[in-house]
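Ready for a short set of exercises? Keep the sequence and the model side by side, and try each task before you read its solution.

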Amino acid sequence: MADMVNRRVLIVGGSSGMGLALARWCLDAGAQVLIAGRNEDRLKRVREELGNPAALDTVAVDITQEDQVAELFKHIGGLDHIVSTAADIEGAYELLPALELKAAQRVVESKFYGPLLLAKHGAPMLSATGSITFTSGIAAYRPAARGSVVAAVNAALEGLVRALAIELAPIRVNAVSPGWVDTPIWSFVAGDKKDDTLSAMAERLPVGRVGQPDDIADAIGFLMGNAFTTGTTLHVEGGHRLV
């Protein structure tokens, strides 16, 4: 485990799924954690779920709005790590004839422009040994019908990571690329067929199961702690790219 004692970590999208698992991982490792999200009620529930530790704080912010991102970093002080697992994909998993442009734009804003703004305004607040980690995904490598927008945005985000690793050096910039992970986001992808869809994928994967949020939290923990890793996409997908 990386030395996270008293490290300050901002997690955007930490109110559920992989972000919530990472927040728990960081707190267990002794870090000071700030969870940012759009929904204040959900943030309140997360604080309660995590036991209201003194090392945890929350803030409501929409990372697609530059004024809100700039204001966020004006008030939170120095940081060691910035992580974003945020993604708004509601309505985006549709075949092209049914795809609404606004749904596609929400994906781009939350998974590309949001991370771009976090890097723009957050990098000056990071220590020289700090890091930024974004969340891509298997869709960039194994796209499927209905998933064209998410596939394209994931691929674009990984390109951004490589460029930012050069521009922001010595700050390290990486991405974690999860495979199919059992998180609430599957309600938007598969609806009431979520369990059957995930079970079918588990049978295909070499590891015999789909991912859990803790799997991704461990991977992000590595990216935060390994000082010789930058401009990299770390694949945590159970062998999905092989089958």
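The exercises below go from a helix to internal spaces, and then to single residues.

This is a predicted model, in which local features need pLDDT of at least 70, side-chain atom pairs count only at pLDDT 80 or more, and totals for chains, interfaces and linings use all residues. Residues are numbered from 1 along each chain as its sequence is written, and side-chain values use heavy atoms, with hydrogens and water left out.

**Exercise 1. Describe helix 5 and its surroundings.**

Step one is the span. Helices (H or I, at least four residues) and strands (E, at least two) are DSSP runs, numbered from the N terminus. Helix 5 covers residues 148–167, 20 residues in total, and its first and last C-alpha atoms are 29 Å apart. That is close to the 28 Å expected at 1.5 Å a residue, where the expected span is 1.5 Å times one less than the number of residues.

Step two is burial: buried means under 20% relative accessible area, exposed over 50%, and partly exposed in between (1.4 Å probe, protein chains only). Buried residues of helix 5 include Val-149, Val-153, Leu-157, Leu-160 and Leu-164, and Asn-154 and Glu-158 are buried too.

Step three is the cover. Helix 4 (101–122), strand 5 (126–135), strand 6 (172–178) and strand 7 are among the elements that cover these buried residues.

**Exercise 2. Find the largest cavity and say what lines it.**

Start with the terms. On a 1 Å grid over the protein atoms alone, a cavity is a set of points where a 1.4 Å probe fits but cannot get out, a pocket is an open set with protein on both sides within 12 Å along at least five of seven lines, and lining residues have an atom within 4 Å of a point. Grid points are joined across faces, edges and corners, and a volume is the space filled by probe spheres set on the points.

Next, count and size: the structure holds one cavity of 30 Å³ or more, and the largest cavity has about 40 Å³ of space. Its lining consists of Ser-84, Ala-86, Ser-110, Lys-111, Pro-115, Phe-134, Thr-135 and Leu-157. Helix 4 and strand 5 are the elements that give two or more residues to this lining, and helix 4 has the largest share, with three.

**Exercise 3. Work out the setting of Glu-237. Is Glu-237 buried or exposed?**

First, place the residue: Glu-237 lies in the segment after strand 7 (233–236). Then check accessibility: Glu-237 counts as buried because its relative accessibility is 10%. Now look for partners. A polar atom of the Glu-237 side chain is 2.7 Å from the backbone nitrogen of Gly-239. Beyond neighbours within four places in sequence, Glu-237 is in contact (heavy atoms within 4.5 Å) with Ile-138, Ser-177, Pro-178, Gly-179 and Leu-205.

**Exercise 4. Look for unusual backbone geometry.**

Begin with the background: most residues other than glycine have a negative phi, and most peptide bonds are trans.

Take the peptide bonds next. The bond from Ala-169 to Pro-170 is cis, with omega near 15°, and Pro-170 sits in the loop between helix 5 and strand 6.

Finally, turn to phi. Asn-6, in the segment before strand 1, has a positive phi of about 65°, and Asn-6 counts as exposed because its relative accessibility is 53%. Arg-146 has a positive phi near 85° and belongs to the loop between strand 5 and helix 5. With a relative accessible area of 33%, Arg-146 is partly exposed.

Notes:
A polar contact is a pair of N or O atoms within 3.5 Å; within protein, one must be able to donate a hydrogen and the other to accept it, and residues adjacent in sequence count only if both atoms are side-chain atoms.
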